[in-house]
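Student: I would like to work through this structure with you, moving from one residue to the sheets, the helices and the cysteines.
Tutor: Then let us look at it together.

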Amino acid sequence: MICCGIESTAHSFGVAIVSDKRGKCNILANEKHSVITKQGGLIPRELAVHHQKYAVRVLKEALKKANLELKDIDLISFSIGPGIGPALQAGAVTARALALANNKPLLGVNHCVGHVEIGKALTGCKDPIVVYVSGANTQIIGYEKGKYRVYGETLDIGIGNLLDTFGRKLGLGFPAGPILDGMYFKGKKYVELPYTVKGMDLAFSGLQTAAVQKIGKERKEDLAYSLLHNAFAMVAEVSERALAHTEKKELLITGGVAASKALRQMLQKMCDERKCRLFVPPFAACLDNGLLPAWLGIVEYKAGNRMKVEESAVDQRQRTDSIEVNWL
Ligand code: FE2
């Protein structure tokens with residue numbers, strides 16, 4: 001079957017067209033347009049305006065790339081949550097209109113579960129602990145008894161948000177992540193900063209405040225090194241405990257922060273010591289994009305999941321562990 005997936009949870013409006021060739025994810029098109037802000041921070045209303053403005057253009061580009069017409073599509077899927085309300089709405093409205101006008105089935109799917117399933121499909125891992133690290137999200141996820149359980153997560157800001165905010169205070173451009181990553185490897189001295197793991201959960205705002213207060217008092221590279229070291233070590237600690245608890249042997253990183261060499265290096269070391277395998281999807285697939293809902297749409301539809309248009313309201317706070325996983 002061929003699915004057209006629409007992603008609009010935050011700053012990106014994406015459309016991907018995917019088919020399932022012998023159960024494998026076959027990418028026919030993956031187009032998107034993103035809002036980029038110099039000052040940082042996303043204004044929900046402006047995201048909706050952007051997504052509405054680019055929806056038709058991105059959809060047309062995807063169809064052209066796939067060399068298909070709407071009549072060739074078997075399913076329209078979209079990310080139903082979690083995300084920023086007005087941004088989600090823009091994608092949902094587009095998906096509903098496409099489904100109704102072309103008489104196609106509609107399926108709203110969870111964004112975080114989308115990250116997990118496309119990551120598995122593109123790397124070939126089977127039953128991983130998933131480290132989902134992005135601007136807004138930081139979750140350590142794994143499948144257990146019919147659901148993707150969240151073993152640990154941030155109690156305040158996403159780890160990407162921490163990096164962006166600190167980078168902005170240092171006067172770096174956006175996105176700051178890659179520059180901070182480069183600085184990490186130039187750091188020579190560890191500067192004492194908070195390290196906050198509470199049970200299996202993480203908190204980054206104290207680390208952020210303390211690091212910002214030390215700007216101008218320490219070398220930039222040393223501060224970047226120390227901030228990243230603590231943030232990533234916190235993620236590695238919780239991931240390792242999730243691996244130990246579940247006895248899983250695979251670790252999958254996804255989300256925008258998966259681009260960080262420093263994070264990958266730390267997780268690789270931990271995986272080597274535990275004799276686990278580390279998987280990282282191609283970077284474009286780690287980011288928010290239409291592949292997430294497109295592939296999860298196919299997976300769920302084939303498992304028998306259906307949705308009426310009148311039941312397709314978005315859910316800004318939809319939890320990863322609220323989804324019944326009936327396809328594994
Ligand atoms: Fe995401």
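**Contacts, sheets, helices and cysteines**

Tutor: In this predicted model, valine 150 touches Gln139, Ile140, Arg319, Thr320 and Asp321, when residues up to four places away in sequence are not counted.

Student: Is valine 150 buried or exposed?
Tutor: Valine 150 is found in strand E8, and its relative accessible area is 16%. A residue counts as buried under 20%, so valine 150 is buried.

Student: How far apart in space, C-alpha to C-alpha, are valine 150 and aspartate 201?
Tutor: In sequence, valine 150 and aspartate 201 are separated by 51 residues. In space, taken from C-alpha to C-alpha, the separation is 9.7 Å.

Student: Which strands stand at the edges of the open sheet that contains E8?
Tutor: The sheet has five strands in the order E8-E7-E6-E11-E12, with mixed pairing, and its twist averages 25° from one strand to the next. Two of its strands have a single partner strand each, so one side of each is left without a neighbour in the sheet. These edge strands are E8 (147–153) and E12 (277–279).

Student: Which residue of E12 stands opposite leucine 251?
Tutor: Strand E11, residues 250–254, pairs with E12 in the parallel sense, and three bridges join the two. In E12, the residue opposite leucine 251 is leucine 278.

Student: What angle does the direction of helix H8 make with that of E11?
Tutor: Helix H3, residues 111–123, lies across E6, E7, E8, E11 and E12 and runs at about 120° to E11. Helix H8, residues 261–274, also packs on this sheet, touching E6, E11 and E12, and its direction makes with that of E11 an angle of about 170°.

Student: In the open sheet with the order E3-E2-E1-E4-E5, which residue of E4 stands opposite cysteine 4?
Tutor: This sheet of five strands has mixed pairing, and its neighbouring strands are turned by 25° against each other on average, direction ignored. Within it, strand E1 (residues 2–7) and strand E4 (residues 75–81) run parallel and are joined by four bridges. Opposite cysteine 4, in E4, stands isoleucine 76.

Student: At what angle to E5 does H3 run?
Tutor: H3 lies across E1, E3, E4 and E5. Its angle to E5 is about 90°.

Student: Are H5 and H7 roughly parallel or roughly perpendicular to each other?
Tutor: Helix H5 (residues 177–184) and helix H7 (residues 220–246) pack with their axes 8 Å apart, at an angle of about 105°. Angles of 65 to 115 degrees count as roughly perpendicular, and therefore the relation of H5 to H7 is roughly perpendicular.

Student: How many nonpolar residues does the contact of H5 with H7 have?
Tutor: H5 contributes Leu180, Asp181, Met183 and Tyr184, while the residues from H7 include Ala224, Leu228 and Phe232. By class, the contact has three charged residues, one polar residue and, as the number asked for, seven nonpolar residues.

Student: Why is cysteine 125 too far from the closest cysteine sulfur for a bond?
Tutor: A disulfide needs two cysteine sulfur atoms within 2.5 Å, and by this rule the count is zero disulfides. Cysteine 125 is buried at 4% relative accessibility. The closest cysteine sulfur, in cysteine 271, is too far from that of cysteine 125 for a bond because the distance is 11 Å.

Key
Residues are numbered from 1 along each chain as its sequence is written. This is a predicted model: local features need pLDDT of at least 70, side-chain atom pairs count only at pLDDT 80 or more; totals for chains, interfaces and linings use all residues. Side-chain values use heavy atoms; hydrogens and water are left out. Two strands pair if DSSP finds at least two bridges between them. Axes are lines fitted to C-alpha atoms, for helices over the stretch in contact, and angles run from 0 to 180 degrees between N-to-C directions. Contact means heavy atoms within 4.5 Å. Buried means under 20% relative accessible area, exposed over 50%, partly exposed in between (1.4 Å probe, protein chains only). Angles under 35 degrees count as roughly parallel, over 145 as roughly antiparallel, 65 to 115 as roughly perpendicular and the rest as oblique. Ala, Val, Leu, Ile, Met, Phe, Trp, Tyr, Cys and Pro count as nonpolar, Asp, Glu, Lys and Arg as charged, and the others, Gly among them, as polar.
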